[in-house]
Amino acid sequence: MKFSEKWLREWVNPALDSNSLDEQLSLAGLEIDGREAAAGDFTGVVIGEILSAEPHPNADKLQVCSVTDGTETVTVVCGAPNARAGLKTAFARIGAVLPGNFKIKKAKLRDVESFGMLSSEQELGLSESHDGIMEMPADAPVGQDIRDYLQLDDQIFDVDLTPNRSDCLSIAGLAREVGVLNRLNVTQPVLNRIAAEITEQPTINLEAPAACPRYLGRIIRGVNIQATTPLWMQEKLRRGGIRSLDPVVDVTNYVMLELGQPMHAFDLANIKGAINVRFAKPNEELTLLNGTQLKIKPETLVIADDQQALALAGIMGGEASGCNETTQDLMLEVAYFDPLSLAGQARGYGLHTDASHRFERGVDFKLQERAIERATELLLEITGGKAGPITEAVSEAHLPVRQPVTLRKARLEQLLAIRLDDAEVSDILTRLGLEVTDTGAAWVAQVPSYRFDISIEEDLIEEVARVYGYDNLPVKAPTANLIIQSRPESEINRRKIAELLISRGYQEAITYSFIDPKWSLTFDPNNEPLALANPISADLSVMRTSLLPGLAKALSHNQKRQQPRVRFFETGLRFIQQADKSLQQDPMLAGLISGNRFPEGWTGKAEEVDFFDIKGDFEALLDIGNQADRWQFRLASNPALHPGQSAEILFQQEDGSLAHVGWIGALHPQLMKSLDLRGKVYVFEATLTSLTQGKVPHFKAVSRFPEMRRDLALVVDAQLPVGQLIQEARIQGGEWLQKVTLFDVYQGKGVEEGKKSLALGLTWQHPSRTLTDEEINTQVNQVVTAFSQGYAAELRS
């Protein structure tokens, strides 16, 4: 939010310069994100009056103007289309210096001498407007320095408020804060209640009182919308980052900046019947003030009459009911909307307005009457007209209730490491607007209606600390008796897993836990994701059920930046909704590889990664826990993976059963095409719980006796997974079988079509004696028989 320092000082004027005020607000938690001058650096510019404007004799688009600065009259050649006799404008005299060190000198334009320059707002660094020269009010004093007249020696602060400090989204809120920090009283504008001159009142129906428990309306007839907004108001709006449009819009925006209450004005002639605050009907449509046509969602709150929706509540008005140059009668609205009911609604339509920004964070629910009175006063002063009585529709049962908050003195001293005087704490809380009662051991504080961020004891401690001054608190290291938690020795540390993947060329990625619903459906159509109530944006609106979408998005980002070799891994939670609507959160490990197998170099040719690269990386993880024999890969299909290059990952439980713990394989070609990914992409994802289960190493003497090896050449079905044969060999090979090695795979001449030849090496070794050929042959026969009966394997001659 931007605000003018001079406007703030009209409310409260601390004995601080701009730099000190900047620092004070930042240290109090209201971080100043930037600060700039209200106007460019210029001198010698005064208010001038054009006495006459005649066409230039030698140029069609120029005029020769006679301009006075109150002391002398000079000739100025001007090309602005709005230059005319009687206009008071910004006149840069000879010797003036404009922004950019542009010096004004006597010049000759098309044979006509010009003694100065008539300036636009852009040329003075006031705005980007360069449609014509500045237009001053008719009563502007000719000859006065324009910096003094417009009070341009001002600073514009840009304060970056955290979402919980909506009470400071106004001059009133900031002034209240500065007053507290400097122990100063705040001077507010006097509230003049406007007496009704007409009896007409709007009919208001609250059909959704939980979302809108308070709504005020007031009819004003006979306004002159063609009136000019006072220059002082235009300037305050400009310095607040809002462009002046017409007096009605300007007044509602001004009240919003001044008090923090968004407002809207309807053209009364376009309202048919009563005002109804309700949720949208099915297939209801609305054209907004910015020309956008919307199909309104059923969960969106709208302001409607008896025939149609007039506005998106708390977001933006509709074009059909908006004010225009023919408007004569108004219906002013001001309301309190429940923040949760409006949260995310504007973003759902791709919108973000000053009104939605405030309502989503919380607006003082007792401010509405004051705001409508203030706006009425300003409107009648500028546009004229006659106001009717205020009509209020309220549901007291749905208004927020502020519960008292207790602050224990001992707890305050414990956290701040200092004993503050009771009177000082009471004074701080009172200046913050809280009603404080000292009970001896604690303070009981009643929270004001504008503070949505104070509800627990810690909130009060934070308020006391920041007002007292964080830099005034003592520096004291916390002390505590910490007990180191015991951890099973067999459990593998996540850091060890990360270090192994990094050593194999991976880089750790951290992606959002919330993703695009379309990506969630593409990668995991079997699990419905949890939708966020208040998403950052429409494409980050559901919780992820898999880590793979985030890694795929990171890969896309890198490929678009010419990165040919990408290897990522990520640890994080996935969120699975259960049948009973509970949320299961599983820690997961996911990995992704794409591009070349090795970094570019002179030692070898470039080879693209394949399935066995990522499988090898995953199997390296299994070796950390010394339990590789408890893991299996089984051919299975996954909607996100290539049908012929995907497998489910199984982990043997303590009871011997196999549990599904993840997937490994190549991304599906159609999915890659939809994500615009290039090359081959291989991924894995498995639960961290299973990967961190290890076996404690134990000492085993190296056998002094020789190994006995037998090699088997088998012909099997080409689709048979080798892992099943290896697992069967371990079962049938007896307790002295040390290892089973696949050392050759062959398909081609000499092997029947649809078959493949496998070469397995089986190694036995006894720890205390030499095994005999008879023993080995018995085990080999047992293995061969199991292969033949269970898998139709044949020994190759």
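Colleague: Let's start with R110: does this residue count as buried or exposed?
Modeller: Keep in mind that this is a predicted model. R110 is found in the loop between β8 (107-109) and β9 (112-114). Its relative accessibility is 51%, and the cut-off for the upper class is over 50%, so R110 counts as exposed.

Colleague: And what is the phi of R110?
Modeller: Most residues other than glycine have a negative phi. R110 is not a glycine, yet its phi is positive, at about 55 degrees.

Colleague: Which loop holds K581?
Modeller: K581 is another non-glycine with a positive phi, here about 70 degrees. At 65% relative accessibility K581 counts as exposed. As for its place in the chain, K581 lies in the loop between β30 (566-577) and β31 (583-594).

Colleague: Over to V542: what is its relative accessible area?
Modeller: V542 is found in strand β29 (residues 542-543). Not counting residues up to four places away in sequence, V542 touches a list of residues that includes F514, I515, P517, P529 and L532. Buried means under 20%, and V542 is buried, with a relative accessible area of 6%.

Colleague: How far apart are the C-alpha atoms of V542 and P529?
Modeller: P529 is one of the residues that V542 touches. The two are 13 residues apart along the chain, and their C-alpha atoms are separated by 5.9 Å.

Colleague: Now some helices. Is α5 roughly parallel or oblique to α6?
Modeller: Two packed helices are described by the angle between their axes and the distance between the axes. Helix α5 (residues 231-239) and helix α6 (residues 247-259) pack at about 55 degrees, with axes 10 Å apart. Roughly parallel would need an angle under 35 degrees, so that packing makes α5, relative to α6, oblique.

Colleague: How many nonpolar, polar and charged residues are in that contact of α5 with α6?
Modeller: α5 passes α6 in a left-handed crossing. From α5 come W232, M233, K236 and L237, and from α6 come D250, V251, N253, Y254 and L257. By class, the contact of α5 with α6 has six nonpolar, one polar and two charged residues.

Colleague: What about α20 and α21: roughly antiparallel or oblique?
Modeller: Helix α20 (residues 722-732) and helix α21 (residues 773-791) pack at an angle of about 140 degrees, and their axes are 9 Å apart. Roughly antiparallel starts over 145 degrees, so this angle makes α20, relative to α21, oblique.

Colleague: And what handedness has the crossing of α20 and α21?
Modeller: In the contact, Q724, L725, E728, A729 and Q732 of α20 meet Q779, Q782, V783, A786, F787 and Y791 of α21. Those residues divide into six nonpolar, four polar and one charged. The way α20 passes α21 is right-handed.

Colleague: Which residue follows α9?
Modeller: In helix α9 (residues 354-361), A355, S356, R358, F359 and E360 are buried. Their cover includes α6, β21 (330-336), α7 (339-342) and α8 (345-348). After α9, with a positive phi near 115 degrees, comes G362.

Colleague: Last one, on the whole chain: what is its radius of gyration?
Modeller: The chain has 21 helices and 39 strands, and its C-alpha trace spans about 125 × 80 × 60 Å along the principal axes. Buried residues make up 49% of the 797 residues. A compact globule of 797 residues would have a radius of gyration near 28 Å, but the chain has 38 Å.

Note on methods: Residues numbered from 1 in each chain as written. Predicted model: local features only at pLDDT ≥ 70, side-chain atom pairs only at ≥ 80, totals over all residues. Heavy atoms only, no water. Axes fitted to C-alpha atoms, helices over the stretch in contact; angles between N-to-C directions. Helix = DSSP H or I, 4+ residues; strand = E, 2+ residues; numbered from the N terminus. Parallel < 35°, antiparallel > 145°, perpendicular 65-115°, else oblique. Left-handed = near helix turned anticlockwise from the far one by under 90°. Contact = heavy atoms within 4.5 Å. Nonpolar A, V, L, I, M, F, W, Y, C, P; charged D, E, K, R; others polar. Rg over C-alpha atoms; globule rule 2.2 N^0.38 Å. Buried < 20%, exposed > 50% of the residue type's maximum accessible area, 1.4 Å probe, protein only.
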